[in-house]
Amino acid sequence: MATRSPEPPGRFSLLALLAGSAYESGLSQLASDKYGQPQARGLAVPHKRMTRDLGVGTASAGGSIASGQQIQAVAQAVRPTLVLEAMGAERIEVNAVAELLFPRWSGGSGGWLAEGEASVSDAATIASVSATPKCAAARLGMSRRLRNQAREDLESAVLRELGQCVAATLEAGFLAGTGSNDAPLGLINTPGIGTATFAAAVPTLAELAGMVKSYANAAGDLGAARWLLHPSDLADLLLPNGGEMIVQYIDGAHRIYGLPVFTTSHLTEGKTVLLDPSAVATVFFGPAQVVMDEYSNGKSLSGAAEICVFNFADLAVLRPTHIVVGAV
């Protein structure tokens with residue numbers, strides 16, 4: 001007797017979710033129920049933790065209820081890897097929908113004791129830094145003709161462009177947000193960080209060495225330090241400055257004083273950042289949410305639409321002294 005082939009795992013599609021597919025809607029509801037949904041604005045999108053929690057097994061053994069690879073692709077688009085995370089910062093995804101507190105220590109002391117002496121008192125200051133859900137809204141426009149082409153290659157293109165849009169929105173807030181108008185307080189505007197002043201728009205090797213010294217004097221781990229620059233600023237540093245070659249290309253990466261350089265166009269141009277990535281954490285509350293806007297601004301007449309992705313997130317700066325920002 002012939003054996004029946006197992007059913008293939010479901011293919012999770014963002015466009016099908018927006019179109020109201022029962023399969024995608026079911027997983028969306030599961031994500032909303034399991035991981036919380038602060039200020040519900042749209043349909044919850046399963047994220048990477050959900051792929052793990054679903055316990056996707058071998059499809060031929062009946063272990064898959066969803067395609068883990070496809071959920072990962074959608075999850076990466078609506079909540080992409082940010083430059084801080086690529087540098088080594090921790091991403092924290094919580095089910096909570098309210099303020100989250102992190103410990104922040106400053107100082108600490110010790111000493112040598114003679115026989116019978118009392119232990120030296122710890123002078124460390126213990127405070128807390130909070131992260132609160134702030135709504136980052138990213139929008140991607142689509143024409144009527146494009147929406148009618150429900151093909152796999154279209155899905156991939158939409159996910160790719162959507163991921164870039166979401167990353168731009170989040171990075172702009174996490175790096176340069178002012179803390180006003182419901183935006184997070186960005187890295188370069190955080191009180192207590194180290195600062196350095198440059199004499200000109202393009203820093204010299206000595207001025208960058210001063211940033212390294214300030215970082216090290218604050219007990220920063222030089223082995224963990226990373227540079228973060230705007231691409232235009234890196235391009236300027238690639239040119240000889242007063243006869244000095246500031247940037248070197250070693251082991252597949254640009255480096256300054258041997259420390260890796262990362263770039264993003266969402267950092268304010270003219271700002272040079274040296275940091276230990278473990279000094280910050282990106283915090284996300286619940287799953288990303290998505291909605292198709294088909295009606296605002298005359299869209300119902302033109303047939304155009306916008307995919308809107310909402311992430312409730314914040315940046316937690318745990319050790320501001322291990323961040324140094326240089327500028328003119």
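**A tour of the cavity, the cores and His322**

Begin with helix α9 (residues 231–237), which supplies the largest share of the lining of the largest cavity, three residues. The model on display is a predicted one.

Next, select the whole lining of that cavity: Phe198, Ala201, Val202, Pro203, Asp233, Asp236, Leu237, Gly270 and Thr272. Colouring these residues by class gives five nonpolar, two polar and two charged residues. The enclosed volume is about 60 Å³, and the structure holds one cavity of 30 Å³ or more.

Proceed to the largest nonpolar core, which has 50 residues. Select Leu84, Leu187, Val273, Ile307 and Ile323, the residues with the most contacts inside this core. Helix α7 (residues 152–176) may then be highlighted, since the largest share of the core, nine residues, comes from there.

Centre the view on Val273. Beyond its neighbours within four places in sequence, Val273 is in contact with Leu187, Ile188, Met211, Arg226, Trp227, Leu228, Leu267, Ile323, Val324 and Val325. Apart from the largest core lies another, of 18 residues, including Phe198, Tyr215, Leu234 and Leu237.

The last stop is His322, in the loop between β14 (305–317) and β15 (323–327). Is His322 buried or exposed? His322 counts as buried because its relative accessibility is 10%, and the cut-off for buried is under 20%. Display the residues that His322 touches, leaving out those up to four places away in sequence: Tyr215, Ala218, Ala219, Gly220, Leu274, Leu275, Asp276 and Ala279. Finally, locate the backbone oxygen of Ala218, which lies 2.9 Å from a polar atom of the His322 side chain.

Notes
Residues are numbered from 1 along each chain as its sequence is written. This is a predicted model: local features need pLDDT of at least 70, side-chain atom pairs count only at pLDDT 80 or more; totals for chains, interfaces and linings use all residues. Side-chain values use heavy atoms; hydrogens and water are left out. Helices (H or I, at least four residues) and strands (E, at least two) are DSSP runs, numbered from the N terminus. Buried means under 20% relative accessible area, exposed over 50%, partly exposed in between (1.4 Å probe, protein chains only). A polar contact is a pair of N or O atoms within 3.5 Å; within protein, one must be able to donate a hydrogen and the other to accept it, and residues adjacent in sequence count only if both atoms are side-chain atoms. Contact means heavy atoms within 4.5 Å. On a 1 Å grid over the protein atoms alone, a cavity is a set of points where a 1.4 Å probe fits but cannot get out, and a pocket is an open set with protein on both sides within 12 Å along at least five of seven lines; lining residues have an atom within 4 Å of a point. Grid points are joined across faces, edges and corners, and a volume is the space filled by probe spheres set on the points. Ala, Val, Leu, Ile, Met, Phe, Trp, Tyr, Cys and Pro count as nonpolar, Asp, Glu, Lys and Arg as charged, and the others, Gly among them, as polar. A nonpolar core is a set of buried Ala, Val, Leu, Ile, Met, Phe, Trp, Tyr and Cys residues joined through side-chain atoms within 4.5 Å.
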